[in-house]
Amino acid sequence: MAVNPLDPTGLDQAAAEFDDQRSRLFGIAYRMLGSAAEAEDVVQETWLRWQTTDREVVRSIPAFLTTVTTRLAINSAQSARSRHETYVGPWLPEPVDTSADPALGAERGEALEMAILLLLEKLTPTERAAYVLREAFDYPYAQIAEIVATSEANVRQLVSRARKHVADGRRAPVDRTEQRRLLDAFLVAARTGDLLALEDLLAADVVSYSDGGGVVRASKIPVVGRTHVSRFVAAFAGHFWADTTTTWVEANGGASVVVAREGVAFAVITVTASEEGIDQVLWAMNPAKIAAISSA
């Protein structure tokens, strides 16, 4: 039945039913938006709608809440896309702590890595929704079709295009142990400005992305290529790393480090890597994006 806000029993029941699904709903919205803050807004709006829904007509609570969350996330992604186009400097997803929930509410930890989220930015919101629901949450094509309000045949095409885009945009990644080893080696070389060591670690076509959002000083363009990235990292070694501490965290299913000075975090760094070496160096430095994971 519709929840009466004056009936604590009905509201408690609605809250319990919603809390059972919250982790999964956040996982969907986060993968859709690449922003924990925006994902929380979507989940909160879903909760507000659930409070006033006539629950007697809802045949499946998970299906209903997934549909509401996905459609809200599609709408939010459409507006977010235009904001990212005017973002100052490279835009990176907001890193999230996955130490307690490595798959972030999903059946599998797919579509969660920072590199994948960057690739998904190039998809339409509906393509992204179809890919996320299929690859991370293992929803049947028919159910995805109902959620995004299209045909099953079209959903299969959406997922196929998205898979091809992701496959074309990345090499086969190394395992988590090797990714952490490479990040550790990169940090050692970066701290000392060791050009030869940096060049040995980086793939020929490596790209360095620094996301300061116009709030803090950071490169406003991606730095591309082994030589350019090595020199870029070595050039600021003296002042960037002075009097800093680093703390290892698990972000988006992989190893990352939080860099702090005098107890204040100012960067979260991670790398993506393949057999070619480090393919991407990701410097999240926008204070609004790193606040949650640095405090965690």
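1. A good place to start is glutamate 45, which sits in helix α2, residues 36-51. Please keep in mind that everything here comes from a predicted model. Glutamate 45 counts as partly exposed, at 30% relative accessibility. Its C-alpha lies 22 Å from that of alanine 136, and the two residues are 91 apart in sequence.

2. Next, have a look at tyrosine 30 in helix α1, which covers residues 8-33. Is tyrosine 30 buried or exposed? With 0% relative accessibility, tyrosine 30 counts as buried. Leaving aside neighbours within four places in sequence, its contacts include Ser35, Ala36 and Ala39, then Pro93, Glu94, Pro95 and Val96, and also Leu104, Leu112, Leu117 and Asn252. Alanine 73 is 43 residues away from tyrosine 30 in sequence, while their C-alpha atoms are 8.6 Å apart in space.

3. Helix α3 runs over residues 61-85. At 1.5 Å a residue, its 25 residues should span 36 Å, and the end C-alpha atoms are indeed 36 Å apart, so expectation and model agree. At the N-terminal end of α3 you will find serine 60 acting as a cap: one of its side-chain oxygens is 3.3 Å from the backbone nitrogen of alanine 63.

4. Two backbone angles deserve a glance. Most residues other than glycine have a negative phi. Leucine 104, in the loop between α3 and α4, has a positive phi near 50 degrees. Aspartate 243 also has a positive phi, of about 60 degrees, although it is not a glycine; its place is the loop between α11 (237-240) and β3 (244-251). As for their surroundings, leucine 104 counts as buried at 7% relative accessibility, whereas aspartate 243 counts as exposed at 69%.

5. Now turn to helix α7, residues 152-168. Its 17 residues should span 24 Å at 1.5 Å a residue, which agrees with the 24 Å between its end C-alpha atoms. Which residues of α7 are buried? They are Val155, Leu158, Val159, Ala162 and Val166. These residues lie on the same side of α7, because they cover an arc of only 95 degrees around the axis. Turned away from that buried side is a face carrying the exposed residues Ala153, Lys164, Ala167 and Asp168.

6. What do the buried residues of α7 pack against? Their partners are α4 (114-120), α5 (125-135) and α6 (141-148). For the pairing with α5, the axes are 8 Å apart and the packing angle is about 85 degrees. Angles of 65 to 115 degrees count as roughly perpendicular, and α5 and α7 are therefore roughly perpendicular to each other. On the α5 side, the residues that meet α7 are Thr126, Glu127, Ala130, Tyr131, Arg134 and Glu135. On the α7 side, they are Leu158, Val159, Arg161, Ala162, Arg163 and Val166.

7. Finally, it is worth zooming in on glutamate 127, which lies in helix α5. Glutamate 127 is buried, with a relative accessible area of 11%. Its side chain reaches the backbone nitrogen of threonine 124 at 3.0 Å. Setting aside residues up to four places away in sequence, glutamate 127 touches Leu158, Arg161 and Ala162. Leu158 and Ala162 also appear among the buried residues of α7.

How values were computed: Residues are numbered from 1 along each chain as its sequence is written. This is a predicted model: local features need pLDDT of at least 70, side-chain atom pairs count only at pLDDT 80 or more; totals for chains, interfaces and linings use all residues. Side-chain values use heavy atoms; hydrogens and water are left out. Helices (H or I, at least four residues) and strands (E, at least two) are DSSP runs, numbered from the N terminus. The expected span of a helix is 1.5 Å times one less than its number of residues. Buried means under 20% relative accessible area, exposed over 50%, partly exposed in between (1.4 Å probe, protein chains only). The arc is that of the directions from the helix axis to the C-beta atoms. Contact means heavy atoms within 4.5 Å. A polar contact is a pair of N or O atoms within 3.5 Å; within protein, one must be able to donate a hydrogen and the other to accept it, and residues adjacent in sequence count only if both atoms are side-chain atoms. Axes are lines fitted to C-alpha atoms, for helices over the stretch in contact, and angles run from 0 to 180 degrees between N-to-C directions. Angles under 35 degrees count as roughly parallel, over 145 as roughly antiparallel, 65 to 115 as roughly perpendicular and the rest as oblique.
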